[in-house]
Amino acid sequence: MYGRYTQELGVYAKEEAARLRDGGVRDGGGLRRNTSVRSRAADLLEYEKDPCAKCHLCASRCQKFLISRVGEDWIFLILLGLLMALVSWVMDYAIAFCQEAQKWMYGGLDSNLLLQYIAWVTYPVVLITFSAGFTQILAPQAVGSGIPEMKTILRGVVLKEYLTFKTFVAKVIGLTCALGSGMPLGKEGPFVHVASLCAALLSKFMAALFGGIFMMRMLRNTEMLSAACAVGVGCCFAAPIGGVLFSIEVTSTFFAVRNYWRGFFAATFSAFIFRVLAVWNQEEETITALFKTRFRLDFPFDLQELPAFAILGIACGFGGALFVYLNRLIVECMRKQKTINKFLLRKRLVYPALVTLLVSTLTFPPGFGQFMAGQLTQHESLVALFDNRTWCRQGVAEEFDYISHHHAWKHPQVNVFITLILFIIMKFWMSAVATTMPVPCGAFMPVFLIGAAFGRLVGEIMAAMFPDGIHADGSVYPIVPGGYAVVGAAALSGAVTHTVSTAVIVFELTGQISHILPVMIAVILANAVAQSLQPSLYDSIIRIKKLPYLPELGMGHHEKYNIRVEDIMVRDVRFITLNSSYRDLQEMLLTGQLKTLALVESRDSMILLGSIERLQLQSLLSLQLGRQRRLEYLRQLAQDNGTQDHLPSLTSDSTPSSPCAHTHVNASTNTNTRQAVRFLISTEESSSFSPVVSANVQLPLKSALKTVSAISDTETPNSSQTLSCADQDKELLE
């Protein structure tokens with residue numbers, strides 16, 4: 001009824017392979033068997049001669065066993081996760097070392113305020129300048145986040161020199177120096193690029209190691225890069241689930257489900273190795289979250305707090321749209337100022353040095369930095385903001401033990417509200433400006449930190465409004481400002497990137513899922529507001545860089561989905577054919593303004609064969625029909641006809657002695673033979689031919705794109721006719 005195959009495909013393939021292996025095919029079956037026997041004999045002979053052949057044979061068998069049993073996909077993903085975990089851990093160690101070195105220099109010069117300021121400012125300026133210069137010299141493609149380019153690549157566009165070893169070295173070293181300077185920059189976006197670089201380089205290595213068996217991996221480029229993007233986010237935050245979801249939301253429009261397990265497996269393995277390395281280095285006692293929180297689980301929040309969480313999400317939506325707009329406005333303003341733009345193009349290191357100098361001066365702890373916790377790093381600030389204790393009640397600072405990094409938020413003359421407001425405002429524009437520097441950097445972590453500070457501010461306000469907490473069932477539960485910080489961090493980062501998976505990343509970062517409902521409400525509302533106002537940060541960068549990418553249409557523009565290609569395409573396309581004459585080409589070049597001309601087979605078929613640049617076509621015409629080419633042909637023709645004595649030597653810089661020149665048209669008297677049109681130029685006084693033209697000469701027309709045929713052996717000097725440009729009757733023929 002439904003129809004069926006006579007045999008299963010797998011069974012048929014096995015039987016066919018066995019038949020071919022046993023020599024069942026008549027043509028060459030015995031030859032193939034004899035060849036295999038001879039090859040085995042040669043291998044045995046080589047095995048007896050070479051003492052190390054046993055090791056090679058064992059390694060070859062192990063390699064075949066791994067590929068056949070384990071599979072090349074699993075091997076590739078394990079190596080990718082292991083490599084990215086090592087790279088992430090080494091970079092974090094180097095970044096922490098650079099930041100501790102700055103604090104050591106600052107603390108060692110506490111006796112002199114001026115030297116402290118010089119050390120505090122000079123150190124990040126040197127690191128940022130080195131990062132910008134090193135990246136610009138080695139691989140300019142490593143500048144910026146990397147996610148916009150990955151979105152473009154996964155759409156099928158090939159970006160040259162973007163997934164090379166030089167770019168990998170520039171990205172890793174430049175990102176380490178940039179983050180080690182203490183500037184408000186992130187590493188999440190660049191790590192997506194680093195993971196893609198590792199995947200591309202690892203594919204080439206595996207192809208060289210396993211040979212033709214692994215070549216299919218290089219053909220499945222999209223699957224490899226999709227898994228790499230998930231690994232980049234997973235090992236950066238030790239958040240494999242959120243990393244996979246974030247990479248799907250950010251880089252893909254249509255995600256292939258077959259890549260789902262690849263991303264989860266590689267990201268989980270990478271995150272596991274990353275945290276194991278931290279335990280091995282005695283940074284952690286066991287595998288825990290990066291920013292572990294201790295919120296109460298029995299009553300994390302009250303239903304009466306949900307409106308506050310919703311207002312927080314809406315405010316973060318407006319803040320995310322404002323951040324994207326400010327970032328794009330800074331870049332466009334610098335590009336519009338031609339004087340500044342030319343200066344910065346010539347002096348590429350001046351802009352990052354000036355921005356770093358400004359930010360470092362404002363965050364100097366004894367100066368303005370004392371009002372905004374300027375001496376804390378991003379990691380230390382997040383640990384303090386996620387704390388579950390209340391910093392302030394009724395506008396008065398709590399007198400509790402300021403352990404860890406909480407003392408940076410305590411100022412004797414300013415309460416915590418002013419400190420948080422200054423921190424949010426200053427970090428907001430500093431991050432927007434710093435992410436425009438030509439260094440490898442991301443914007444996720446600075447935005448995440450600003451959102452946490454804003455949420456902490458809302459939480460402290462709620463704690464001040466309800467000092468006794470929320471009454472529920474006869475019990476009193478105090479407000480937890482740290483929960484508001486978690487909600488604000490997820491909402492603002494989701495608004496900037498237009499993703500919902502930041503909620504999952506927050507759960508994995510904090511190690512608690514108690515605030516899942518407030519986080520989801522705030523993230524969804526923030527996305528709804530931000531998407532209606534501005535594109536995501538990555539789509540904004542794509543527009544700035546003018547990458548070949550079609551972004552998704554925003555809210556209120558769905559009617560544009562009905563627009564077809566025929567509605568916007570140019571119908572009057574200038575084209576050339578294989579039979580185009582010199583006149584057609586010249587007219588095309590004189591009248592058309594297109595930089596590229598289409599080449600079709602003929603006007604009837606209109607089959608597109610390719611395209612040719614306008615400048616290239618002009619160069620080819622000049623090469624084939626230029627004055628130098630015609631003079632060379634005249635000299636060659638004179639030598640062939642034995643009339644070299646009659647013609648003086650002509651050079652490219654010779655000038656005619658009279659304003660009138662003669663054109664010799666070489667045509668065969670037999671009109672049935674296919675001859676090419678020959679143009680010969682000579683001066684009037686040097687010409688020894690008679691200026692007489694036969695009236696019945698038929699000039700064959702040939703295509704300007706075709707090769708000029710050779711002169712027939714039957715051609716004689718008598719067939720050469722001379723045209724005088726002074727003869728008005730021959731003007732049309734000329």
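In what order do the three strands of the open sheet stand, and is the pairing mixed or of one sense? In this predicted model, local features need pLDDT of at least 70, side-chain atom pairs count only at pLDDT 80 or more, and totals for chains, interfaces and linings use all residues. Residues are numbered from 1 along each chain as its sequence is written, and side-chain values use heavy atoms, with hydrogens and water left out.

The order is S5-S6-S7, and the pairing is mixed. Strands (E, at least two residues) and helices (H or I, at least four) are DSSP runs numbered from the N terminus; two strands pair if DSSP finds at least two bridges between them. Strand S5 (575-577) and strand S7 (608-613) are the edge strands, each with a single partner strand, so one side of each lacks a neighbour in the sheet. On average, neighbouring strands of this sheet are turned by 30° against each other, direction ignored.

Five bridges join S6 (residues 596-600) to S7 in the antiparallel sense. Leu597 has Ile612 in S7 as its bridge partner. Helix H25 (residues 614-625) lies across S5, S6 and S7 and runs at about 80° to S7. Here axes are lines fitted to C-alpha atoms, for helices over the stretch in contact (heavy atoms within 4.5 Å), and angles run from 0 to 180 degrees between N-to-C directions.

Two loop residues other than glycine have a positive phi. Buried means under 20% relative accessible area, exposed over 50%, and partly exposed in between (1.4 Å probe, protein chains only).

| Residue | Phi | Loop | Relative accessibility |
|---|---|---|---|
| Ala238 | near 55° | between H10 (221-237) and H11 (240-251) | 16%, buried |
| Met606 | near 55° | between S6 and S7 | 41%, partly exposed |
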